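This report goes through one protein structure by topic. The sequence and the model are shown first.

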Amino acid sequence: MSSNEIQVKSSTSAELRCFTQTVRVGRAATNGVVLDHELVSAEHLELRREGKHWEVVDLSSERGTFVRGERIDRAPVRGGLTVRLGGNGPELELTIPRHSSRGWTPLAFATDIAGRYFSEEDPENMSSRTAMIRAAFRAHRDDTTRSWLRRIRSLRAIVVLALVIAVVAGTVAIWQGRRVRALRVTAGTIFTTMKSLELDIRRLEAAAGPDSTVAERRARLEAQYDDLIKTIGIYSDRTPADVRLIYRTIHRLGESEATVPNGFIKEVQRTLKQWRSVDIETAFARAEAIGLGPLVTGILRQYHLPREFFYIALQESKFDPKAIGPAGNFGVPKGLWQLIPSTAEAYGLRLGPLRGDRAFDPEDERHDPARATAAAARYLEDLYSTDAQASGLLVLASYNMGDTRLRKLLRSLPESPVERNYWKLLDRHRAEIPGETRNYVLRIIAAAAIGEDPKLFGFTVAGPLGPPSPPEGGDGSK
């Protein structure tokens with residue numbers, strides 16, 4: 001039996017299963033361990049092997065993962081552990097069996113020798129040499145025992161004090177852990193309140209024009225949120241620069257740093273390495289040559305959209321206004337934004353006579369950077385301010401998957417920024433979200449991070465957008 005193996009038994013089944021590699025547990029049929037229970041998320045937790053060790057890692061489940069009544073993000077498995085999925089959900093009994101072997105071992109031989117010389121009972125057929133060694137050992141042991149008794153008495157007070165300190169430290173650690181979890185929840189609530197305010201500002205301005213009091217309130221909330229993030233310590237000045245930049249990019253795309261699931265930052269870091277220098281440098285140079293950065297961000301700003309949406313065009317066309325995509329069920333996508341004919345016409349673009357051909361058409365306005373960007377911005381704004389509830393990551397997923405298909409899934413979530421965000425969507429509908437769409441979101445986050453500081457990631461070109469402008473009433477820290 002391997003010492004790197006973990007045994008898993010659930011309270012819903014008598015079957016004992018063994019695994020030697022990382023395995024996921026959840027309600028979805030794609031998991032290695034499937035628990036069909038209403039309190040279990042689609043992908044609830046992961047039994048993660050790290051070298052010779054195992055740990056339980058919660059995958060941002062809705063109902064939480066509990067060990068000894070405490071909700072945890074992760075916990076080591078040492079020998080054995082009982083894990084509950086949801087407050088009153090099913091339990092998993094986890095066991096790591098000890099490595100065993102048969103036959104002679106150096107340890108067994110050493111044990112036999114030690115017993116012959118140092119056991120309390122005299123061995124059979126004892127020689128005079130063995131008897132002399134045993135007598136010398138007993139005399140030395142008695143002297144040593146008296147010496148240790150004196151030391152134990154003198155150290156007893158120190159041990160008691162150390163135990164008291166350990167209990168106090170443990171109590172403080174538990175309190176601190178609960179405090180951090182509570183602060184994360186508070187930070188997430190403040191962030192979603194800002195998103196709700198953003199939606200309110202849009203509706204208010206559409207009906208009655210700008211209202212500075214609402215913007216001021218949002219700025220105050222932004223400052224409170226920044227203070228909380230610093231207090232929680234999600235990242236600091238000591239955090240690697242690439243990690244800080246990824247967090248800021250996710251923030252600007254409409255999701256809170258406090259709610260980013262475990263492992264997501266590492267997924268973005270892996271995706272960053274997939275962007276090839278030739279693609280980034282060629283595309284950025286093309287955008288610079290035709291003045292695409294100021295043009296696109298100016299239009300996005302008119303519709304109050306994140307400037308990071310600029311990198312949708314990088315993913316779709318590598319910033320080539322003449323780009324033509326593969327023909328599909330909805331026609332041939334064209335231009336910077338690869339708009340299909342029906343979407344282009346719905347948002348006011350005129351199509352040319354070659355609309356159905358995979359060929360450049362100078363009369364097709366999808367090839368016009370300004371007109372195509374204005375149409376794409378109106379389309380993105382519709383998604384952003386309605387079903388996506390100001391979540392830029394949901395907008396990115398919709399753009400790739402198709403808003404009609406994704407809207408059905410989004411509308412199964414409560415109509416609130418608290419409950420309608422990218423993490424909730426993956427938690428409840430991961431099996432229905434194509435891997436291509438999840439990779440699409442990761443690639444645009446990675447591209448936006450590269451665009452802000454290309455040299456940090458080993459690229460030689462300058463970013464096409466320059467540094468981000470501070471939010472209205474803010475300090476620009478985000």
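Among contacts in the protein chain between residues at least 6 apart in sequence, what percentage join residues at least 24 apart? The share is 55%.

## Overall make-up

The model is predicted. The protein chain contains 14 helices and 11 strands. Of its 478 residues, 44% are buried. The accessible surface amounts to about 25,600 Å², and carbon and sulfur atoms account for 53% of that surface.

## The cavity

The count of cavities of 30 Å³ or more is 1. The largest cavity has a volume of about 60 Å³. Its lining consists of R252, R307, E308, Y311, A448, G451, E452, L465 and G466. By class, the lining residues comprise 3 nonpolar, 2 polar and 4 charged.

Which helix gives the most to this lining? Helix α14, which spans residues 435-452, does so with 3 residues.

## Aromatic residues

Across the whole structure, 9 aromatic pairs are found. In one of them, Y422 and W423 meet edge-to-face, with 5.6 Å from centre to centre and 70 degrees between the planes. Both Y422 and W423 are buried.

One aromatic cluster is formed by F284, F310, Y311 and F319. Y311 is also among the residues that line the largest cavity.

## Helix α13

Why is helix α13 described as largely enclosed by the rest of the structure? The helix covers residues 422-429, and 6 of its 8 residues are buried, so the description follows from that count. The buried residues are Y422, W423, L425, L426, D427 and H429. They pack against five helices, namely α4 (241-252), α5 (264-272), α11 (392-401), α12 (403-410) and α14.

H429 belongs to helix α13. Is H429 buried or exposed? H429 counts as buried because its relative accessibility is 13%, and the cut-off for buried is under 20%. With neighbours within four places in sequence left aside, H429 makes contact with L409 and S412.

## A285 in helix α6

A285 is located in helix α6, which runs over residues 277-289. Its relative accessible area is 43%, so A285 is classed as partly exposed; that class lies between the limits of 20% and 50%.

How far apart are A285 and A462 in sequence and in space? The two residues are separated by 177 residues in sequence, while their C-alpha atoms are 8.7 Å apart.

## Positive phi in the loop between α8 and α9

K318 is not a glycine, yet it has a positive phi of about 55 degrees. K318 sits in the loop that runs between α8 (310-317) and α9 (341-346). Q338 is placed in the loop between α8 and α9 as well. Q338 is likewise a residue other than glycine with a positive phi, in this case near 50 degrees.

What is the relative accessibility of each of these residues? K318 has a relative accessible area of 41% and is therefore partly exposed, whereas Q338, at 12% relative accessibility, counts as buried.

How values were computed. Residues are numbered from 1 along each chain as its sequence is written. This is a predicted model: local features need pLDDT of at least 70, side-chain atom pairs count only at pLDDT 80 or more; totals for chains, interfaces and linings use all residues. Side-chain values use heavy atoms; hydrogens and water are left out. Helices (H or I, at least four residues) and strands (E, at least two) are DSSP runs, numbered from the N terminus. Buried means under 20% relative accessible area, exposed over 50%, partly exposed in between (1.4 Å probe, protein chains only). Contact means heavy atoms within 4.5 Å. Accessible areas come from the Shrake-Rupley method with a 1.4 Å probe; for residues, only the protein chains shown count as cover. On a 1 Å grid over the protein atoms alone, a cavity is a set of points where a 1.4 Å probe fits but cannot get out, and a pocket is an open set with protein on both sides within 12 Å along at least five of seven lines; lining residues have an atom within 4 Å of a point. Grid points are joined across faces, edges and corners, and a volume is the space filled by probe spheres set on the points. Ala, Val, Leu, Ile, Met, Phe, Trp, Tyr, Cys and Pro count as nonpolar, Asp, Glu, Lys and Arg as charged, and the others, Gly among them, as polar. Rings of Phe, Tyr and Trp (its six-membered ring) pair if their centres lie within 6.5 Å; planes under 30 degrees apart count as stacked, over 60 as edge-to-face and the rest as tilted.
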